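Reader: Hello! I am new to this structure and would love a close look at a single part of it. Could you walk me through the aromatic rings and what surrounds them?

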Amino acid sequence: MRQKINLLLLFLGLLHTTYAQLPDGNGGHPTSVKWRSINTRAVKVIYPEGMDSTAQNVTNTINYIFQNQTQSIGYNRRKIDLVLQTNQVQSNGYVALAPFRSEFYLTPPQDRNMLGSLDWTTTLSIHEYRHALQYSNISENIGFISYLLGGDTNLAVFGNLLVPNWFFEGDAVMSETILSGQGRGYLPSFYNEQKALLLNDIDYNYQKARNGSYKDMLPNHYPLGYAMVREGREITEVGDSWAAILRKTTSLHGLIYPFSSSTKKVTGLSTSKLYRKAYSDMKREWKKELAHKTISPSENVLRKMPKAVTSYHNMIFKNNQLFALRTSYNKTPQIVEISKGKERRCVNINHLSSKQFDFDGRNFIWSQVDTDPNYRYRSYSNLYIYDTQKRRSQRLTKKAKYFSPSFSPDGSQIIVSEYDALGKSQLVVLDAKTGKKLSTLKTYQDGLASYPKWDNRGKGVVYICSFNNQMALIHQTISTDKKDHTYTQLTPSSNHSISNFNITPNDVYFSASYSGTDNIYKVGVSGDRNITQVTNVEVGAYDPTYIPANQLVIYGDFTFKGTKLKQIDASYVAKSAVEVTTLKEVSLFPIVKGEQEEVILDDIPNRKYSSEPYNRVFNGIKLHSWGAVNVNNTTGLGIQADNILGDLSIGVNYLNNTVTDVTQYQAKIQYGKYPVKIGVTAGRESITESNKKWGPVFNGKNLDSLLAPTVDRIRLQLSKPFQTNTTNYGISANLQLGIGTYKYKKITPPMIFPPSTGKINENNELKEVLSEVKDHGIEYKADINFDVTRNMARMNLQPKFGTKIHMGYTLEMDQNQKEVDLVDDAQWNMETTLYLPGLMANDGFFVNGAFGKNDMSRFYQVKTSTFYEARGIKNIFTDQRMSLQTNYQLPICYPDFGIAGIFYIKRVRANLFYDLQFTRNISSKSSYSRYHSGGIELHLDTQWLNSMLIPIGVRYGGQEYRDGYRDMFIEFVSGFSF
C-alpha cells in the first residue's frame with residue numbers, strides 16, 4: 001500500500017512539472033542598472049551599484065545564520081543566489097526554485113503594524129533565508145529522488161504536495177521572532193483574525209483553516225502556521241522538533257499523509273489535532289485575559305452593518321465631514337463618506353501603495369502603485385487627486401516614490417514620505433496644484449518615516465519614525481525656508497508597533513500595542529510623553545480620528561466580520577500614565593527555543609566582503625529542470641536553463657498539444673534584457689494520425705495507413721509586452737512578430753479535401769492535387785493580445801467591466817510563389833471577451849466571440865489554432881468559423897466543506913449559456929451553416945490536496961445542427977487540462 005501511495009505522489013509530481021521560461025509581462029530590469037555581486041559559501045548577493053552597504057549587511061546576516069542558526073530546521077544548506085531589487089515600490093521578498101534564488105524588494109512598507117519596528121532588510125534576511133534552509137532540507141530522501149527525476153521544478157512540486165504552506169511561513173516567522181527578539185510572533189495585530197474568531201467561539205475545522213473561504217474571514221497561512229509551529233515546540237519542549245518532522249516527511253513516514261504522520265510521531269498529535277490544540281490553548285489564554293479586562297464603552301457609527309466582511313480604515317474628519325477607506329470581500333476599495341449612520345461612496349481607488357488618503361475640502365489625494373510599462377522590475381508610487389466637483393481623477397506626479405500624502409491646513413502644500421533609489425527615507429514638501437518638489441526634509445536619526453501629517457498650525461509635521469529597530473512618534477518643526485527644523489520625540493522609543501494617528505491642536509491620537517492589545521492612546525504635542533490609554537478593546541483598535549464638535553473619537557474596532565466603525569467619548573480614560581515596556585513583556589505566548597537559538601542582532605559581524613562586477617546575462621545561467629512538462633494543454637519532456645535575473649531562457653523540449661494533437665521537437669532561446677524580447681525557435685512539428693480536428697472523415701478510400709504532414713521550422717520572434725494600470729483597471733498588451741523558414745518533410749493525402757469534387761475518387765486527381773504543393777518557404781506570424789479589466793473583489797466571479805482581445809495571423813509563402821493573397825492565403829484566429837456587470841454584486845455577464853480561418857484545401861499546413869466552439873457541438877470539419885458565446889454566471893453557495901484533505905469545495909456557481917456558431921468551407925464555396933446550443937453549467941470551485949485549485953462541473957443543454965437535427969447533451973467540464 002505504501003508503495004502505491006509513493007508512486008501516486010511521484011506521478012502527481014511529474015504530471016504537474018511545468019515548463020519554465022522568461023516571465024510574462026514587461027521586460028526585466030532597466031538596461032541602465034549596473035550590477036555587482038558578493039560571493040560567499042552561503043549566498044551570492046547580486047545588487048545594483050550604489051547598494052554596497054545594504055548588500056554587505058545582508059551578506060553578513062545570512063552568513064552568520066548559515067554558520068550558527070540552522071539546527072532547528074536541519075543541517076542541509078544549499079547555496080542560494082539573492083537579488084536585491086531597488087526599483088520596486090512593493091514591499092516583498094521570496095525564495096523560489098527553478099532556478100533556486102531569492103529576491104528582496106527593498107522598499108519598506110509604510111504600515112509597520114504587521115511587521116513591527118525591525119529593520120526591513122534584516123527582516124527579509126532572516127525570514128527569507130529560513131525559506132532557503134527549508135528547501136535545502138526538503139531535498140533529502142524522496143526530495144532528492146524527485147530532484148534527480150525533474151530538477152528544481154519537480155522538487156518544488158513535491159515540496160508543495162508533501163509539506164503544507166503554513167509550515168513554510170509559520171516556521172519562517174518563528175525564526176524571524178526568535179533571532180530578532182521581536183518580529184511578528186510578538187505583535188498583537190498578527191493574531192487579530194484568530195483572536196476575533198476564538199473570542200466569539202467560532203472554531204472552524206482544520207480543513208477550512210487550511211483551504212480558506214471566499215465569504216468568511218480566516219487568518220492566512222502565516223499566523224496559522226506560526227500558531228502550530230509554536231505549539232509543536234511547546235509540546236516537545238525542544239527547538240528542533242520540526243527538523244525531525246521534516247526528515248521523517250521526506251522519508252515518507254506514514255501511508256497517506258507523511259507530514260501529518262511525521263508530526264504525530266514527534267508531537268503525539270496529527271496536524272488536525274495539533275491545530276485544535278494550538279487554537280484551544282490560544283482561546284484559553286485570550287478568554288483569561290478578557291476576564292480581567294474592563295472593555296471601554298463604545299457605540300456603532302453605522303446603523304446597519306454590511307453582510308460581507310467589510311473593514312474601514314484611515315478615518316479622517318475634514319470640513320465637518322467624516323471619510324473612511326472601505327475595503328470589502330464583495331466590493332473593490334473605495335473612499336466613503338459617513339453621515340447620520342449611513343455611508344455614501346465617493347470614489348473607487350485601487351493599487352494603493354499606502355492606506356493613507358487626505359481631503360482638502362474639494363479634492364481627495366492618495367498614493368498609488370504604477371507599474372512601468374516597459375520593465376516588470378520597476379514600479380512607482382505616484383500621487384493621484386480626485387476632484388469631487390468635476391468627478392474626475394488625475395495623476396499629480398510621475399515616476400516618483402511618494403507615499404502617504406497629507407494636505408497642509410491651507411491646502412496649498414502636500415507632505416509625503418519618499419524613498420530614494422538607495423532605500424533611504426526622507427520627507428518631501430510638494431506644491432498641491434502642480435506636484436512640484438518644494439523642499440526635502442531629513443528625518444529623525446535618518447529613520448523611516450510613515451504616515452506624515454501636518455500639525456494644525458501648518459508649522460510642522462508628525463510622523464511615525466522607525467530607527468535602530470525601534471519606533472516612536474516624532475514632531476518635526478519646519479522653518480519658513482523649509483531647511484532648519486527641530487525634532488520632538490512624542491513617545492518613548494520601543495519595539496512596540498505604532499500605526500495610523502490623528503492630530504488635534506493639543507494631542508495626537510494613535511494606535512499602539514503597549515498593552516499587549518492594539519488600543520487607542522493619546523499624547524501631547526508638546527513632548528511631555530504623558531501617554532493616556534483611551535480604549536480597552538477585545539481584539540484591536542485602529543485609525544482614530546477626533547470629532548471636536550461632539551468630543552468623540554472615531555476608530556476601527558477589529559471583529560470577525562471586519563473592522564467596524566466605533567465611537568467613544570474623548571474624555572474616557574482606560575488607563576492614565578501608560579508605562580511603555582517591550583513587546584516580549586506583554587506577549588501571552590512564550591516560545592520554546594533550541595539550545596543555540598538566541599537574538600543575533602548584536603552578534604552579527606561587520607565584515608567587509610569583496611565584490612565584483614556581475615554580468616547580468618551569462619554569470620547566472622542555471623540548468624535547473626529536466627523531465628516531464630505539463631503546461632497550457634501541452635505535455636512532454638524537456639530541459640530548461642535560465643539566468644538569475646530573468647534575462648535569458650534556454651529550453652529543449654519534446655511536446656504534444658493535447659488540444660490540437662500537434663507534436664513538437666523544439667529548441668528555444670529567449671533574451672529579455674530589453675523592452676523588446678528576442679526569441680529563436682528551431683524544431684519539427686507534426687500532426688499525428690489520431691488528429692480528427694483538422695481533417696475530414698472520408699467515406700471513400702481507406703487512407704488510415706498513410707502518414708500526416710511533418711514540418712521543420714526555424715523562427716525568429718520579437719515580442720513587446722506592455723503592462724500598466726489605472727486607478728481601477730489593469731491594462732496589458734503584447735505584440736509578437738515572427739519570421740521563419742519551413743520545410744515539409746512528408747506530404748500525404750489523409751488531410752486532402754480537393755476543391756473540385758469534395759471527395760477522393762481517382763488516383764490521378766489525387767496526384768494532381770499533390771503536384772501543386774510546394775514543400776518549403778517563408779512563414780510570417782503576428783499575434784496581438786490586449787486586456788483591459790476592472791479590478792475585482794474577493795467574492796466577485798468576474799470583472800464588472802473589461803475586455804480581452806487576441807488576434808493571430810500566420811502566412812506560409814512558398815519559395816517559388818509569385819503572388820500571395822495576404823488575407824485568403826493566411827490562417828486567422830481571433831477571440832474576444834467582453835465583461836459586463838450582473839444584477840447582484842458578485843454576478844456577471846460575459847460574451848466570448850471568435851473568428852477562425854484555416855484553408856483546409858491546403859491540407860499540408862500544420863494548424864494549431866484554438867477556437868471558442870459552441871458548447872455541445874463536436875467534430876465540425878470546416879475552414880472558416882465564427883462563434884458567439886453568451887454567459888451569465890452567479891454564485892449559488894459557499895459550502896466550505898471537504899473530505900480527508902483530498903478535496904475541498906469552496907464555492908458552487910452556475911452559468912447560463914447560449915451559443916451560436918457559423919461555419920463554411922471556403923474550398924467548396926459553400927454558404928454559412930448555423931449551429932446553436934444552450935443550457936446550464938454547474939461548477940464547483942474545489943481545492944485538491946490542499947494546494948491545487950481545480951474548478952470542476954457538469955454541463956447540460958440542448959443543441960441543433962445545420963440539418964435541423966436536435967439533441968440533448970451532458971458533459972463533464974474542468975478547469976484542469978489533462
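**A close look at the aromatic rings**

Author: Happy to! Let us begin with a charge and a ring: Lys453 lies over the face of Phe501, at 4.2 Å from the ring centre. Please keep in mind that the model is predicted. A second case involves an arginine, for the charged end of Arg794 sits over the ring of Tyr329, 4.2 Å from the centre of that ring.

Now for rings that meet other rings. The count of aromatic pairs comes to 33. One of them is formed by Tyr147 and Trp626, whose rings are edge-to-face, at 5.5 Å centre to centre and with 75 degrees between the planes. This pair links distant parts of the chain: Tyr147 belongs to helix H4 (residues 142-162), while Trp626 belongs to strand E31 (residues 621-631), and the two are 479 residues apart. Are these two rings buried or exposed? The answer lies in between. Tyr147 has a relative accessible area of 24%, so Tyr147 is partly exposed. Trp626 has 22% relative accessibility and therefore counts as partly exposed. The cut-off helps here, because buried means under 20% relative accessible area.

Compare that with another pair. Phe510 and Tyr514 are also edge-to-face, with 6.2 Å centre to centre and 75 degrees between the planes. What is the relative accessible area of Phe510? The value is 0%, so Phe510 is buried. Tyr514 is buried as well, with a relative accessible area of 4%.

Aromatic rings can also gather in a group. Tyr135, Trp166, Phe167, Phe168, Trp242 and Phe259 form one aromatic cluster.

One more aromatic residue leads us to a strand. Tyr47 is in strand E2, where Arg36 stands opposite Tyr47. Arg36 brings us to the pairing of strand E1 (residues 35-39) with E2: the two run antiparallel and are joined by five bridges. Between E1 and E2 there are three residues, and together the strands form a hairpin.

How covered is E2 itself? Strand E2 (residues 43-48) is mostly covered, with six of its six residues buried. On one side are Val43, Val45 and Tyr47, on the other Lys44, Ile46 and Pro48, and all are buried. E2 has another partner too: four bridges join E2 to strand E3 (residues 80-85), and these two run parallel. Within that pairing, Val45 has Leu82 in E3 as its bridge partner. To get from E2 to E3, the chain passes through helix H2 (residues 52-68), and this β-α-β crossover is left-handed.

Definitions and conventions: Residues are numbered from 1 along each chain as its sequence is written. This is a predicted model: local features need pLDDT of at least 70, side-chain atom pairs count only at pLDDT 80 or more; totals for chains, interfaces and linings use all residues. Side-chain values use heavy atoms; hydrogens and water are left out. Buried means under 20% relative accessible area, exposed over 50%, partly exposed in between (1.4 Å probe, protein chains only). Two strands pair if DSSP finds at least two bridges between them. A crossover is right-handed if, with the strands pointing away from the viewer, the path from the first strand over the helix to the second runs clockwise. Rings of Phe, Tyr and Trp (its six-membered ring) pair if their centres lie within 6.5 Å; planes under 30 degrees apart count as stacked, over 60 as edge-to-face and the rest as tilted. A charge sits over a ring if NZ of Lys or CZ of Arg is within 6 Å of the ring centre and within 35 degrees of the ring normal.
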